[in-house]
Amino acid sequence: MAGANLPTYHGGMPADFKPHLLRAPRVVMLLGASWLGLASQAALAATPIKLNAEVGPGFTITLKKGNNRVVTLKAGSYVITVRDRASDHNFRLRGPGLNRATAVSRVETRTWTVSLRPGTYTYLCDPHASHMKASFQVKR
Ligand SMILES: [Cu+2]
């Protein structure tokens, strides 16, 4: 395993051992991010907002922010966790500058980082687009 060859001391690290040197700052950043998660959302304008998309296992398709269905969003960066829970459905999101989808035949969870621009976005299941379809507005 990779860990077997790591030095066990923490002082006088060899100058060429860069992966180890990078580890400590990264941990500090992660701790900082989770602490900031408890702070005001307003202070985190640069942090992408999380959304949850889900399709299946029945004939349902949703996009939520927290517990609420997305109706309007502010333009910007979002991280969408897409749960495609059925092998006969998929989740597609399309709109200005975006057209992305999971595979119909696969059950899969994907994380999409997307940039939403002002306009109308639609999410749908391709095989059942006539009834598994919804839209939301993105505003400036
Ligand atoms: Cu479907």
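Lysine 74 stands opposite lysine 139 of strand 10, a cross-strand position in a model that is predicted. The two strands concerned, strand 4 (residues 72–74) and strand 10 (residues 133–139), run parallel and are joined by 3 bridges. The protein chain as a whole has 1 helix and 10 strands, and the points below take up the pairing of strand 10, an open sheet of 5 strands, and the surroundings of aspartate 84, which is found in strand 5.

**Overall make-up of the chain**
- Read from the N terminus, the order of elements is α-β-β-β-β-β-β-β-β-β-β, with the 1 helix and the 10 strands belonging to the protein chain.
- Of the 140 residues in the protein chain, 15% count as buried.
- Among contacts in the protein chain with a separation of 6 or more, 58% are accounted for by residues 24 or more positions apart.

**Pairing around strand 10**
- Strand 10 pairs with strand 9 (residues 119–124) in the antiparallel sense, over 6 bridges, while its pairing with strand 4 is parallel and rests on 3 bridges.
- In the pairing with strand 9, tyrosine 121 stands opposite phenylalanine 136 of strand 10.
- In a regular strand, side chains alternate between the two faces of the sheet.

**The open sheet**
- An open sheet of 5 strands follows the order 3-2-1-5-8, and its pairing is mixed.
- The edges of this sheet are formed by strand 3 (68–69) and strand 8 (108–116), each of which pairs on one side only.
- Strand 8 runs antiparallel to strand 5, and 9 bridges join the two.

**Aspartate 84 and its surroundings**
- Aspartate 84 lies in strand 5 (residues 76–84) and stands opposite glutamate 108 in strand 8.
- Aspartate 84 counts as buried because 25 other C-beta atoms lie within 10 Å of its own, where the cut-off for a buried residue is 20 or more.
- Once neighbours within four places in sequence are left aside, the contacts of aspartate 84 are Val55, Gly56, His89, Asn90, Phe91, Thr102, Arg106, Val107 and Glu108; Glu108 in this list is also the residue that stands opposite aspartate 84 in strand 8.
- Isoleucine 61 is 23 residues from aspartate 84 along the chain, and the C-alpha atoms of these two residues are separated by 9.3 Å.

Technical notes:
Residues are numbered from 1 along each chain as its sequence is written. This is a predicted model: local features need pLDDT of at least 70, side-chain atom pairs count only at pLDDT 80 or more; totals for chains, interfaces and linings use all residues. Two strands pair if DSSP finds at least two bridges between them. Helices (H or I, at least four residues) and strands (E, at least two) are DSSP runs, numbered from the N terminus. A residue is buried if 20 or more other C-beta atoms lie within 10 Å of its own, exposed if 12 or fewer, and partly exposed in between; C-beta atoms are placed from the backbone. Two residues are in contact if their C-beta atoms, placed from the backbone, lie within 7 Å.
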